[in-house]
Amino acid sequence: MELRGITATTATAAMLLALLLTPLPQAVAEESCSGIVPMRSRREVISIEDFGGIGDGRTDNTWPFRKAIYRIQHLRRQGGTLLYVPRGVWLTGSFNVTSHMTLFLARGAVIKASQDTEKWPLVEPLPSYGRGRERPGGRYASFILGYGLRDVIITGENGTIDGQGGVWWDMWRQRTLSFTRPNLLEFMHSTDIHISNIIFKNSPFWNIHPVYCSNVVIRSVTVLAPHDSPNTDGIDPDSSSNVCIEDSFISTGDDLVAVKSGWDEYGIAYGRPSTAITIRRITGSSPFSAIAIGSEASGGVENILIQNINIYSTGIGIHIKTNAGRGGYIRNVTISDVYMSRVGKGVRIAGDVGDHPDDKFNPRALPRVDGVTIRNVWGVGVKEAGSIEGIKGSPFTRICLWNVKLWGVGRQMEAWKCAAVSGVAVGVQPWPCEELTGIMSTGFCYS
């Protein structure tokens, strides 16, 4: 048989050839915000061993680390310097990093914090907190600290930074702390910070804390602490802007990620918000909250995008928290594509959470919560669907729940609890409270 002069066999071959020559559809690359601080190479490489470092797990390497970083800081090689930490266990006290450097941990390298708490240095409290977060007065310096820096990379081949927090947790439990415990890694007043491919383990207090920073990328990290370790938040961006947190696993004793911006009257006076923060593709577990905003949000929190979160065995899936006396605002927050399994409460937006630094806070400083969209959430094994309870005199407004499906196990799930809130709900299971029955406005519900 012929088709306009072309045999069937020839036509079939032509079709096959055309299919073979047709470009295949390209795989859609995962969206990423990490380009705000790209990885860069350094022209110079030095090793901690060049400065007398010994990675036997017993020798104190505080002086070698400080010597190496002093050299980087003062020689200022063009293009910066990479400090290489080879395989081994490198015991050290607290130390500062410097600008235009990379701290690189090879596979099998462990930088381990000294447990000699009596020699741990003290620093001033954060001005937006007015005192230590746990105790009045100053606070213990973070294990690794950067202050007023630019262009710092902490990366490697999944080497480990181990805070050996057990001794600090015991002091907290025994109420013998004189000052607030140290964070594991903290950057202050810094910009262009890149943290990736590192395991953070057993922090005495919060794990990764960028505060008063801009242009920060935290990606492909693992953050670990026992579920009974107190206040071991995973990643806490605090009064910072242009922050990207993605592709990480976190399992700790407190919130996995918590966006903050100062505490009561001190945060109000300091007035630096957290803004333009993206959190995506995070997996983890915590007895407290998976994704949190607050409760210390007195400087304001806005323009937050959270998406593709996988939560299991966790107290609260999504937790936005504030309190009378906090002041500030939480607005323009979008949370989407969240999967929860074995969670105590799916969603909580609350106006009665958190303590106060002292008795000088103004109880009439009421926070504003406005424009929060939570969409495409699926939960199984959820004990309570959630609660949205604003503050008398400052109700939460434009709260949108869209396609939020939460299922219990073997019993009727407790109903939503709502007070002092307005907004809309579409496609929510179980059906939420009557306060969320406003007319839909796509301007805020699909932001």
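This is a short talk on the largest pocket, the unusual backbone spots and one covered strand of the structure above.

First, the ground rules. This is a predicted model, in which local features need pLDDT of at least 70 and side-chain atom pairs count only at pLDDT 80 or more, while totals for chains, interfaces and linings use all residues. Residues are numbered from 1 along each chain as its sequence is written, and side-chain values use heavy atoms, with hydrogens and water left out.

I start with the pocket. A pocket here is an open set of points on a 1 Å grid over the protein atoms alone, where a 1.4 Å probe fits, with protein on both sides within 12 Å along at least five of seven lines. The largest one holds about 800 Å³ of space; grid points are joined across faces, edges and corners, and the volume is the space filled by probe spheres set on the points. Its lining, meaning residues with an atom within 4 Å of a point, has 32 residues. Nearest the centre are Arg133, Trp172, Asn231, Asp254 and Asp355. By class, the lining has 13 charged residues (Asp, Glu, Lys and Arg), 10 nonpolar (Ala, Val, Leu, Ile, Met, Phe, Trp, Tyr, Cys and Pro) and 9 polar (the others, Gly among them). Helix H3 (166–173) and strand S24 (301–321) each supply at least two lining residues. Helices (H or I, at least four residues) and strands (E, at least two) are DSSP runs, numbered from the N terminus.

Next, the backbone. Gly294 and Ser295 are joined by a cis peptide bond with omega about 0 degrees, and Ser295 sits in the loop between strand S23 (289–293) and S24. Another cis bond joins Gln429 and Pro430, with omega about -5 degrees; Pro430 lies in the loop between strand S29 (421–429) and helix H5 (442–445).

Asn202, in the loop between strands S16 (198–201) and S17 (208–211), has a positive phi near 55 degrees. Asp247 also has phi near 55 degrees, but belongs to strand S20 (241–251). Is Asn202 buried or exposed? Asn202 counts as buried because its relative accessibility is 18%, whereas Asp247, at 23%, is partly exposed. Buried means under 20% relative accessible area, exposed over 50%, and partly exposed in between, with a 1.4 Å probe and protein chains only.

Last, strand S12 (150–156), where 6 of 7 residues are buried. Strands pair if DSSP finds at least two bridges between them. S12 pairs in the parallel sense with S7 (101–105) over 5 bridges, including Leu103 with Ile154. S12 also pairs in the parallel sense with S15 (191–196), over 4 bridges, and there Ile153 stands opposite His194.
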